[in-house]
Amino acid sequence: MKVWINRLLRTIQAKLIIIYVLLILIAMQLIGVYFVSTMKHTLTNNFTNDLQMTANFVLTYAEQKLKGEEEIDSEGSLEDLEAIVRNLFNMNGVEIQILDATGKVLITSVQAHADYIGRKNTEMVVNRALQGIRDNEEVIIDEENVRKKVLAKPISSGTKIVGALYVVASMKDLYTTIEDINKIFLSGMVIALGLTAVLGVILAHTITQPIKNITRQATRVADGDFEGQVPVLGNDEIGQLSEAFNDMTRRLQEALSVNEEEKEKLASVLTNMSDGVIAADEQGRVILINRRASVMLGKRGQECENKPMADLLGVEPWQLEERAQDKVNWMLLPLHSAEGDSEPHETILRVTFTPIHRRGEGITGTIVVLQDVTEQEKLDQSRREFVANVSHELRTPLTTIKSYAEALEDGALEEQQLAGRFVGVIRNETERMIRLVTDLLHLSRLDSKHAKLRMKPIHVSDLLEEVLDRFSFQFRSKQIEAVIEVKEGVEQAWMDRDQIDQVLDNLVSNALKYTAEGGSVKLIADVTEDQRFVSITVQDTGIGIPKKDLDRIFERFYRVDKGRSRNMGGTGLGLSIAREMVLAHGGSIVMESEWNEGTSVTFTLPMKDSLQHLDEAQEGSEAGL
C-alpha cells in the first residue's frame with residue numbers, strides 16, 4: 001500500500017491535484033482569516049454602537065426626568081423613568097439600570113432583577129461613571145460562562161453628578177452568529193476544496209492523458225510497433241507535442257523501413273549470390289559469411305565467425321597479407337572433398353581480396369569473394385582436350401593420306417594392285433574426315449540453336465520397328481537377338497523424326513558394335529511416372545562400360561577404348577550429338593552400365609502435341625545447351 005501511495009504521489013496527475021488543492025486551501029485560509037476578522041469586528045462595532053445609542057437615548061430621558069429635582073428618588077420622576085426603561089427598552093439579553101449618586105440601583109429594565117433595587121452596584125465601570133468619566137465599557141464573562149458587554153455613563157444635572165446609567169448586554173447571539181458564519185465558511189471551504197479536487201482531477205486528466213498516450217505510443221515505438229498514433233486533442237502545446245510525436249513516428253518508421261529494406265536487400269543479395277562472401281576485421285578474423293561461402297567451404301565454413309581467415313581458407317597468413325596490401329588480389333584455392341564421401345571430387349575456388357580503407361586509419365578490414373570456377377576450369381580443360389582431339393583426329397588421316405600420296409607419287413602409282421590399295425586407303429581416310437567434319441558441323445548447329453525442330457506426333461512402336469528394320473542385316477550377321485517391348489499406355493510421342501532416328505541409329509549401332517555374337521539388344525518403350533514423357537531404352541548384353549567412365553561418356557571425343565573405337569570407324573561424337581538432340585526435345589538421357597555385363601541407355605520424349613510441352617522442350621534444350 002505504501003509503495004502504491006508513493007508511486008501515485010510521483011505521478012504528474014497527483015502533483016497537479018495536490019498543487020491545486022493547496023492553492024485553493026491557502027487562498028481560502030487567507031480569505032477566511034480576513035473575512036472572519038472583518039465580520040467579527042463589524043458585528044462587534046455594530047453591537048457596541050447600538051448599545052451606545054440605546055444608552056445615550058436612555059441617558060437623555062434620565063437627565064430630563066432627574067434634572068432640577070432635589071432628591072433623586074422622587075416617586076413621580078422614577079415611575080415615569082421606569083416606565084420608559086421597561087417599555088421602550090425591553091430588549092432580549094439587555095439590562096438597563098438607573099443608579100443614584102451612591103451607586104444604588106433605582107430602576108432595572110429586567111423584571112426578574114427587581115430585587116437588585118436598593119442594592120449598590122460595585123462594578124468598576126459604575127465607580128468610574130460616578131466619578132464623571134463618560135467612556136466606560138468592558139467585556140465580562142459571567143458565572144454561566146456567557147460573554148457580556150458592560151458600559152456605564154454618568155447622569156449629570158448641570159455640573160453635578162446625580163446618578164449613573166448602567167447597561168449590560170449579552171453577546172451570546174453575536175458570537176453565535178459569528179460561529180454560524182464560521183461554519184458556513186468552513187462548509188463552503190470544504191465544498192470548494194472538493195470541487196477543486198474534482199476539477200483538478202479533470203484538469204490534470206486533460207493534461208496527463210495526452211502525456212500518457214504519448215508515453216504508451218513511445219513504448220510501442222521502442223518495441224517496434226509503429227501502427228498507432230497519438231490523438232491530437234487541440235492546438236495547444238500538448239496538441240503540438242502530439243503532432244510532432246506523430247510526425248517523428250512516421251519519419252522514424254520510414255527511416256527504419258528504408259533501413260530494413262536495405263538490410264533485407266543486402267541479406268537477400270548475400271544469401272542468393274552464386275558467389276561466396278566473407279568479411280574480416282583488421283585482425284583478419286571473420287565477422288560475416290554468407291550461406292554460399294559456407295557451402296563452398298564445407299566443414300571449414302561451420303561455426304567460422306571470429307575464426308582467423310587464414311585458418312578458414314587453409315592458407316598461410318603471409319599470403320593474405322600480400323593480398324591485403326594489393327600486391328596480388330586473387331588466388332586459386334583447390335578444395336578436396338572430405339574423407340568418406342561416396343564420390344570424391346575437387347573444387348577450385350577463385351578467391352578475390354578487396355581491402356576496406358577508412359580515411360585516416362588505413363585498412364580496417366577485408367572483403368573476400370569466393371567464386372566456384374570448377375566448371376570453368378573443366379570447360380577450359382575440355383576445350384583444350386577438344387582442340388587436341390580434333391587436331392589428333394584430323395592429323396592421323398591427313399598424315400596417312402599424305403604418306404600414301406607420296407608413295408603413289410614415288411612410283412607406286414604404276415603398280416596397279418598396290419596403287420588400288422593405296423587409293424582405297426586414301427578414300428577411307430577421306431570419308432572418315434568427312435564424317436568427322438559433318439559431325440562437328442552438326443554439333444555446331446545444335447550449340448548455336450540453328451537446328452530447328454520439326455515436331456510432330458509419331459507412333460513409338462512404328463519408330464522402333466523401323467529402326468530394327470534398318471539394322472536387321474547386321475543383327476542377322478552377328479546372330480544377335482533384337483526385341484521390341486512397348487508397354488501399356490505408350491502410343492505417340494512428340495518429336496523431330498529425323499533427329500530421333502539419328503539418336504536411335506547411334507545407340508543401336510553402338511549396341512551392335514560392342515555386343516558379341518549370340519547376344520541380344522532390347523528396345524523398351526514406357527511412360528514416365530508423371531504421364532508426360534515416353535522413355536525409350538536401348539539395352540544390350542555387350543561388354544559394358546567401366547563405372548569410372550560413365551560420367552564422361554557423353555563428352556565429345558571421349559572413348560573408353562580409343563584404339564578399338566577408331567578402328568570401328570567411330571568419331572567419338574555420336575553420343576554427344578545424341579544427348580544434344582534429346583535435350584533439344586526437352587528430354588533427358590542417362591546411361592547405366594557394368595563392365596562385361598551390358599549397357600542400358602534411356603532417353604525421354606514428350607508424349608502429346610501441345611504448345612506447353614513444346615515450350616518446355618525448347619526451354620529444356622536451352623538449359624541443357
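In this predicted model, Ser600 touches Thr537, Val538, Gln539, Val590, Met591 and Glu592, leaving aside residues up to four places away in sequence. Ser600 itself is part of strand β17, which covers residues 598-606. With a relative accessibility of 16%, Ser600 counts as buried, because the cut-off for that label is under 20% relative accessible area.

Charged residues come next. Side chains of opposite charge can pair when their charged atoms come close. The structure holds 12 such salt bridges, and a few of them are worth a closer look here.

One salt bridge joins Glu261 to Lys265, with 3.4 Å between the closest N and O atoms. Both residues sit in helix α6 (residues 237-272), and because they are four residues apart, about one helical turn separates them. Glu261 has a relative accessibility of 41% and so counts as partly exposed. Lys265, at 42%, is likewise partly exposed.

Another salt bridge connects Asp505 with Arg470, and here the closest N and O atoms are 2.8 Å apart. This pair links distant parts of the chain: Asp505 belongs to helix α14 (residues 497-513), Arg470 belongs to helix α12 (residues 460-470), and the two are 35 residues apart. Asp505 is partly exposed, its relative accessible area being 23%. Arg470 is also partly exposed, with 37% relative accessibility.

Helix α14 offers a further pair to follow in the structure above, since Asp501 and Arg497 both lie in this helix, four residues apart, or about one turn. Between Asp501 and Arg497 there is a salt bridge whose closest N and O atoms are 3.1 Å apart. Are these two residues buried or exposed? Both Asp501 and Arg497 are buried, whereas Asp505 is partly exposed. These pairs also belong to a wider arrangement: Glu466, Arg470, Arg497, Asp501 and Asp505 are linked in a network of salt bridges.

The last feature is nonpolar. Which residues form a nonpolar patch on the surface? The patch consists of Ile191, Leu195, Val198, Leu199 and Ile202, and together these residues have about 490 Å² of accessible area. One of them, Leu195, can be found in helix α5, which runs through residues 172-222.

Conventions. Residues are numbered from 1 along each chain as its sequence is written. This is a predicted model: local features need pLDDT of at least 70, side-chain atom pairs count only at pLDDT 80 or more; totals for chains, interfaces and linings use all residues. Side-chain values use heavy atoms; hydrogens and water are left out. Patches are made of residues with over 30% relative accessible area and no salt bridge: like charges are joined within 9 Å, nonpolar side chains (Val, Leu, Ile, Met, Phe, Trp, Tyr) within 5 Å. Accessible areas come from the Shrake-Rupley method with a 1.4 Å probe; for residues, only the protein chains shown count as cover. A salt bridge is a side-chain nitrogen of Lys or Arg within 4 Å of a carboxyl oxygen of Asp or Glu. Buried means under 20% relative accessible area, exposed over 50%, partly exposed in between (1.4 Å probe, protein chains only). Contact means heavy atoms within 4.5 Å.
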